Amino acid sequence: MSYLNIDAQALNTYDAIVVGSGISGGWAAKELTGKGLRTLVLERGRDVRHITDYPTTNMQPWEFEHRGQLTSAVRDANPIISKCYAFYEGTEQFFVKDAEHPYVQEKPFDWIRGYQVGGKSLMWARQTQRWSDFDFQGPARDGFAVDWPIRYADLAPWYSYVEKFAGISGNKDGLATLPDGEFLPPHEWNCVESHFQKQISSRYKDRHVIMGRAAHITQPKQVHYDQGRAQCQHRTICERGCPFGGYFSSNSSTIPWAAKTGKMTLRPNSVVHSIIYDEKKGRATGVRVVDTNTKQMTEYYARVIFLNAAALNSNLVLLNSTSNRFPNGLGNDSGVLGKYVAFHNYRAGVSGEYDGNLDSTTDGRRPNSPYIPRFRNVEKQEMSFLRGYAAGFSAGRSSQTNRDGLGADLKNNLLNPTLGGWHVGSHMMGETIPKESNYVALDSSLKDPFGIPQLKINIAYDDNDEKMIKDYQEQLSEMFTAAGFTNIKVRDDKRNPGLDIHEMGGARMGKDPKTSILNKWNQVHACKNVFVTDGACMTSTSTQNPSLTYMAMSARSADYAVKAIKRGEV
């Protein structure tokens, strides 16, 4: 029997294990396999193959039983996930169902998840901005939260590396708050958006309106053709999965690229229970996995482990990885694991109307929109709240189509809609502050369907968020007024934290093991062969979308890990 056990262990042993196949896990898999490591990629959800598993991608509105709308039965059964803007009849298959994946809300928190190969990279909004030194220096400057152990210069070459492969469109705007990247041609403006940009640039030295930087291939390079991807068709139904690979996803890009090396083993339907820590060896040796179909637990082993289960689930795995050495969770000597979780605040918006440019309209679709980078508390602390906010902006013109008549009259009516005025709108993208009181932990009694403790989430807004919302509404209203917009209205939808889908932290990076879990290489301070490169690693949240930073960190850490293996350090 001993020989059989040895054989079984050998069959389950790899050079590296990657937990999760979303945006960061896909990059870890690509880099580790590309550097020659036999890599096991574990995904808790089902397999989703590029093109073949996008069942609604070519469906027309009339082909959906409910014309794309959710039924009341689906909404009633999924009160949390149905709040997500991207959840509808064409995308139901890519979102978790509320009852199947329970968690404990000590305070209201809408946890939006997509459990399948590719994770949420199939349904994301594809905005990809670099962080600047203003973002990495934020905690050191205002003294709130710990200092980042890295600066922009550490990530800059890795931003370039991932941008070239993923395909990022945008302008080189020359802004210190938003470093330029390796861009494909930007998307086009419409005339009212251009009008707003000119009005703001003429009135404010520190405020800018730029075209959004997005993970869409606007002009393919050879590296994109090599991935089997093609130019974005501007269909704007990206969240159903794109058969052209026009936007970046793990499914169309990094996972098939890793598979081509012959070094990757992909195991879907595999929920990671915990990381195995060998106290004699003083290192992690593998992971325990529950098969979602059989509910059987199996152990897999590797020399290095990348944890990319998405921010809160990576916290859960670390907290559930207990041993005599780490009774409170793997690497949790500091006691901060699960704490200092933060998120983005999208609660507020401003809308208005414009009665100019009525001789113009728009044509076609665009999977992107203009963006207003952060302008508050940049060079110094100037406001009564910490950090700042960015904003989205867009303009469009309404139209009404007369569907009366028959024959030629009906055709004429359909071809000549009545145009209304221009409407403009903005949404806030605020940075929340990591606080010890915003935490996740394991419930002591409730288990999920796989026998794993449920995650308790205790996260809420604070006065800093309220002050920021008020300032955003005032400043965007002022900017709209300056641009000649009328009927300006502000809103605050009072949404729960979580619905913005940018949760971060809990296993933060830092220079000091006494106050952080990860070092500057995303490596667990106290367990050097475990790396965390998804949102759990974030020390602060900035105002920019975080996905591009996860990609750059994953590529950088994988490069470091492989070199560390060769040096015999892990």
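Cys232 counts as buried because its relative accessibility is 12%, below the 20% limit for that class. In this predicted model, the sulfur of Cys232 has its closest cysteine sulfur in Cys238, at 6.1 Å, and that is too far for a bond. A disulfide would require the two sulfur atoms to lie within 2.5 Å. Cys242 is likewise in no disulfide, with the sulfur of Cys232 as its nearest cysteine sulfur at 6.7 Å. Cys242 counts as buried too, because its relative accessibility is 12%. The structure as a whole holds zero disulfides.

It helps to turn next to the overall build of the chain. Its secondary structure comes to 13 helices and 22 strands. For 570 residues, a compact globule would be expected to have a radius of gyration near 25 Å, and the 24 Å found for the chain agrees with this. Along the principal axes, the C-alpha atoms fill a box of roughly 85 × 60 × 50 Å. Buried residues make up 58% of the 570 in the chain. Among contacts with a separation of 6 or more, 71% are between residues 24 or more positions apart. The chain exposes about 22,900 Å², and 49% of this area is supplied by carbon and sulfur atoms.

A good place to enter the fold is strand S1, which spans residues 13-19. Five of its seven residues are buried, so S1 is largely enclosed by the rest of the structure. S1 is joined to strand S10 (residues 297-307) by six bridges, and the two strands run parallel. Along this pairing, Thr13 stands opposite Tyr301 of S10, while Ala16 has Val304 of S10 as its bridge partner. S1 also runs parallel to strand S2 (residues 39-42), to which four bridges join it. Here Ile17 is the bridge partner of Leu40 in S2. In a regular strand, side chains alternate between the two faces of the sheet.

The path from S1 to S2 involves helix H2 (residues 23-34), and the three elements together make a right-handed β-α-β unit. Gly26 is found in this helix. With a relative accessible area of 0%, Gly26 is buried. Neighbours within four places in sequence aside, Gly26 is in contact with Ser21, Ser250, Thr254 and Ile255. Asp142, by contrast, is 116 residues from Gly26 in sequence, and their C-alpha atoms are 34 Å apart in space.

Strand S10 has further pairings to follow. With strand S9 (residues 283-291), S10 pairs in the antiparallel sense over five bridges, and Val287 has Tyr300 of S10 as its bridge partner. S9 and S10 form a hairpin with five residues between the strands, in which Lys295 takes a positive phi near 65°. With strand S22 (residues 527-532), S10 pairs in the parallel sense over three bridges. In that pairing, Phe306 is matched with Phe531 of S22 as its bridge partner. Taken together, S10 is paired in the parallel sense with S1 and with S22, and in the antiparallel sense with S9.

Methods:
Residues numbered from 1 in each chain as written. Predicted model: local features only at pLDDT ≥ 70, side-chain atom pairs only at ≥ 80, totals over all residues. Heavy atoms only, no water. Buried < 20%, exposed > 50% of the residue type's maximum accessible area, 1.4 Å probe, protein only. Pairing = 2+ DSSP bridges. Right-handed = clockwise from strand over helix to strand, strands pointing away. Rg over C-alpha atoms; globule rule 2.2 N^0.38 Å. Contact = heavy atoms within 4.5 Å. Areas by Shrake-Rupley, 256 points an atom, 1.4 Å probe, with all protein chains shown as cover.
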